[in-house]
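Got your viewer open? Load the model and follow along, one selection at a time.

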Amino acid sequence: MRDPASEPQKTVKVIANGTVTLYLPEWAGTSWTVTQPDKSLGKAKEETIPGFAGPTTPAHQFTWTVKGPKGQHRIQLVNKPRAKAEGTPKSDTTFTLTIDAV
């Protein structure tokens, strides 16, 4: 699982027809969305995994199958507060994933 505060971007290498799975912490009162998808990768399969980072922090899982052309695929994600509850981050958090298809 990546911590977007300490590591706001990551580049990974994957072979053609491989998959990439990204786990991001889904803090209480927030929601992750893909703001800049890579159309050649298609829509990610998404799932929330309870208790992934301790009893109070689930993970949001994004999985892509790399069927597109070789080269770099860049995906921008943002974590936005859903409600103004206590403990909810005051601003959006972003994470950029770059997939280097070889």
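Start by selecting T21: in β5, its bridge partner is T63. Before going further, some ground rules: this is a predicted model, where local features need pLDDT of at least 70 and side-chain atom pairs count only at pLDDT 80 or more, while totals for chains, interfaces and linings use all residues. Residues are numbered from 1 along each chain as its sequence is written, and side-chain values use heavy atoms, with hydrogens and water left out.

**The open sheet**

Now widen the selection to the two strands around that pair. β2 and β5 (residues 59-65) run antiparallel and share seven bridges. (Strands here are DSSP runs of E with at least two residues, numbered from the N terminus; two of them pair if DSSP finds at least two bridges between them.) Add β4 and you have an open, antiparallel sheet of three strands, ordered β2-β5-β4. β2 (19-25) and β4 (45-49) are the edges: each has a single partner strand, so one side of each has no neighbour in the sheet. From one strand to the next, the twist averages 20°, with axes fitted as lines to C-alpha atoms and angles running from 0 to 180 degrees between N-to-C directions.

**Over to β6**

Next, pick β3 (residues 30-36) and β6 (residues 71-81), an antiparallel pair joined by six bridges. W32 is a good marker, as N79 in β6 stands opposite. Then bring in β7 (residues 93-101), which pairs with β6, again antiparallel, over nine bridges. Along that pairing, look for L77 and its bridge partner F95 in β7.

**Into the core**

Show side chains for W64, L77, L97 and I99. In the largest nonpolar core, which has 16 residues, these touch the most other members. (Such a core is a set of buried Ala, Val, Leu, Ile, Met, Phe, Trp, Tyr and Cys residues joined through side-chain atoms within 4.5 Å.) β2, β5, β6 and β7 are the elements giving two or more residues to this core, and β7 gives the most, with four.

Which residues does W64 touch? Leaving out residues up to four places away in sequence, the list includes G18, T19, V20, L22, V34, L41, I75 and L97. Contact means heavy atoms within 4.5 Å.

**Two stops on the strands**

Is T93, in β7, buried or exposed? T93 counts as buried, at 17% relative accessibility; the cut-offs are under 20% relative accessible area for buried, over 50% for exposed and partly exposed in between, with a 1.4 Å probe and protein chains only. Beyond four places in sequence, T93 is in contact with P4, W27, W32, L77, V78 and N79.

Now jump to G71 in β6. G71 is partly exposed, at 24%, and its contacts beyond four places in sequence are I99, D100 and A101. Draw a distance to P4, 67 residues away along the chain: the C-alpha atoms are 24 Å apart.

**Zoom out**

Colour by secondary structure and you'll get seven strands and zero helices. The C-alpha atoms fill a box of roughly 45 × 25 × 25 Å along the principal axes. Of the 102 residues, 37% count as buried. Finally, turn on contacts between residues at least 6 apart in sequence: 69% of them join residues at least 24 apart.
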